[in-house]
Amino acid sequence: MQAIIWPSSRFHILRQSFIAWLVVQDRLPTRDRMKNNPKKMGFCFSSRPFFFLFVWFLVLFPNLKLSPMAESGSDITTLVYKGCAKQAFTDPAGLYSQAISALFQTLVSQSMKLKFYKTTTGTAQTTINGLFQCRGDLTSSDCYNCVSQLPTLSDKLCGSKTIASRIQLHGCYMLYEVAGFAQISGMQMLFKTCGGGPGGAATNGGGNVFEEKRDTAFSFLENGVISNHGFFTANYQSVYVLGQCEGDVGDSDCGDCVRNAVQRAQVECGDSNSGQIYLHKCYITYAYYANGVPKRSPSSSSSSSFSHASSSSTGQETGKTVAIILGGAAGVGFAVILLMFARNSVKKHDDY
C-alpha cells in the first residue's frame, strides 16, 4: 500500500502558483517559443486548458513521492538483552555441543507452528533444558523468523560452550541451561529500561495526569493477562501496555508476576513515559504516545483496546480523509490531462 507525502513548504507552493499565473497570462518565454515554431517542439501544448491543468497538477504535487505504509514499530528481531552464564562446560567428546545443536533445531522447527515450546535433549550426563516463546500477537511466520535468529545470536553473544544462555528479542526469546544449573525466582528481575518514550519529552507524558492514565492501563493489564491466559495488550488514552507470561505459568501465578512487574515499573521508572520490565517468568512494556497510539497489525483475541476519543485521534482520521480525497482528485485530474493530451495528438496527426 502506498501513501502520498505532501509538501509543507509555503514558499515552494507560492512559487509554483506564480508559475501557474504566468502560464495563464501567456508570459512564459517557453510558451512564446512554442507558439512561434510549434512543429520543432517535441510536445506542443497549443491548448491553454490542457497546459493549465498540467501546471495545476505540478502546483498541487511538486514533490510527489511514494512511500510504503509500513508500521514503524520496533523490529521483532531487535535485541533487547542477553543473559549468559559465566561458567563454561568442558566438552572433549563434543556431546554437549551435539545436544545444544539438536535443541536449537527442535526449537526452531517447533516455532513454525507453536508460540511456546519447552523440551529437554541430551543423555543422562548431558541433559540440557530449553524453551522458546514468541510474543502473543505474532503470526506463525513472524514467530519462526524471530526464533530462527536466536541460535546464531546465542553462539555469537554468549559463546557455544556456556552452560546457560537467554537471548531476548522484541518478538521472542530463547533460553537453555545445563541440568543442575542454579534456579532463580520467577519474580527475579532480569532487565529494565525506562525512557522518554515515543511521546517525546518527559513533560508530554510526565506528571500526575500521565501517571493516572498509566496506572489505569496497568490495572487493565493485570486483569487481562489472567482472563486471556498469559498475554494481553491495552490502549488507554494514548498509553499502550503489553504483558506476557511464560507459556507454562498458570493464570493466577501469571497475574502475580505481572502485578509485581507493574509495581517495579511504578517505582523504578517513576513518571518516565515508557518502560520495559523483564522478570524471569513474565515481562511488561508500556509507552505513552502524545499523538495517539499508532495502529498496529491485527492481533489475537488476547489483545484489547480501551479507546477514548480525543482531539488528536480525531485529527489523524480527518487528515487521512483529506489525503484520500486529494489523492482521488489528483487521479481524476491526471486522467483528464492524459485524455486531453491524446485528443491533442490525434488532432495534430489529422492536420498532417
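Helices and strands are here DSSP runs, a helix having at least four residues and a strand at least two, and both are numbered from the N terminus. By that rule the chain has ten helices and twelve strands. The model is a predicted one. Of its 352 residues, 37% count as buried. Among contacts with a separation of 6 or more, residues 24 or more positions apart account for 70%.

**First stop: strand S6**

Select residues 164-169, which make up strand S6. Six of these six residues are buried, so the strand is largely enclosed by the rest of the structure. Colour the two sides of S6 separately: Ala 164, Arg 166 and Gln 168 point one way, while Ser 165, Ile 167 and Leu 169 point the other way. The residues on both sides are buried.

Next, add strand S3, residues 79-84. S3 and S6 run antiparallel and are joined by five bridges. One place to look is Cys 84, whose bridge partner in S6 is Ser 165.

Then add strand S7, residues 172-178, which pairs with S6 in the antiparallel sense, again over five bridges. The connection from S6 to S7 is a hairpin of two residues. Gln 168 stands opposite Tyr 173 in S7. Keep Tyr 173 selected and show the side chain of Arg 166: Arg 166 lies over the face of the Tyr 173 ring, 4.4 Å from the ring centre.

**Second stop: the aromatic rings**

Display the side chains of the aromatic residues. How many aromatic pairs does the structure hold? There are nine aromatic pairs. Begin with Tyr 81 and Phe 191, a stacked pair with 5.3 Å from centre to centre and 15° between the planes. This pair links distant parts of the chain, since Tyr 81 belongs to strand S3 and Phe 191 to strand S8 (residues 189-195), 110 residues apart.

Is Tyr 81 buried or exposed? With a relative accessible area of 8%, Tyr 81 is buried, because buried means under 20%. Phe 191 has a relative accessibility of 25% and therefore counts as partly exposed. Extend the selection to Tyr 278 and Tyr 283, and a cluster appears in which ring pairs link these two residues with Tyr 81 and Phe 191.

Now move to Phe 218 and Tyr 286. Their ring centres are 5.3 Å apart and their planes stand at 85°, so this pair is edge-to-face. Phe 218 lies in helix H8 (residues 208-227) and Tyr 286 in strand S12 (residues 282-288), so the pair ties together parts 68 residues apart in sequence. Both residues are buried.

**Third stop: the five-stranded sheet**

Strands S8 and S12 have already been visited; select them now with S9, S10 and S11. The five strands form an open, antiparallel sheet in the order S8-S11-S12-S10-S9. Which strands stand at the edges? They are S8 and S9 (231-236), each with a single partner strand, so one side of each is left without a neighbour in the sheet. Neighbouring strands are turned by 5° against each other on average, direction ignored.

For a view of the pairing at one edge, focus on S8 and S11 (residues 274-279), which are joined in the antiparallel sense over six bridges. Here Lys 192 stands opposite Ile 277 in S11.

**Fourth stop: helix H8**

Select residues 208-227 to show H8. The helix has 20 residues and reaches 29 Å from its first C-alpha to its last, close to the 28 Å expected at 1.5 Å a residue. Its buried residues are Phe 210, Arg 214, Ala 217, Phe 218, Leu 221, Glu 222, Gly 224 and Val 225. In an α-helix, residues three or four places apart point the same way, because there are 3.6 residues a turn.

**Last stop: two loops**

Most residues other than glycine have a negative phi. Two residues to select here have positive values. His 229 comes just after H8 and sits in the loop between H8 and S9; its phi is near 60°. His 229 counts as exposed, at 59% relative accessibility. Ser 238 has a phi near 75° and lies in the loop between S9 and strand S10 (239-245). Ser 238 is buried, with a relative accessible area of 15%.

Methods: Residues are numbered from 1 along each chain as its sequence is written. This is a predicted model: local features need pLDDT of at least 70, side-chain atom pairs count only at pLDDT 80 or more; totals for chains, interfaces and linings use all residues. Side-chain values use heavy atoms; hydrogens and water are left out. Rings of Phe, Tyr and Trp (its six-membered ring) pair if their centres lie within 6.5 Å; planes under 30 degrees apart count as stacked, over 60 as edge-to-face and the rest as tilted. Buried means under 20% relative accessible area, exposed over 50%, partly exposed in between (1.4 Å probe, protein chains only). A charge sits over a ring if NZ of Lys or CZ of Arg is within 6 Å of the ring centre and within 35 degrees of the ring normal. Two strands pair if DSSP finds at least two bridges between them. Axes are lines fitted to C-alpha atoms, for helices over the stretch in contact, and angles run from 0 to 180 degrees between N-to-C directions. The expected span of a helix is 1.5 Å times one less than its number of residues. Contact means heavy atoms within 4.5 Å.
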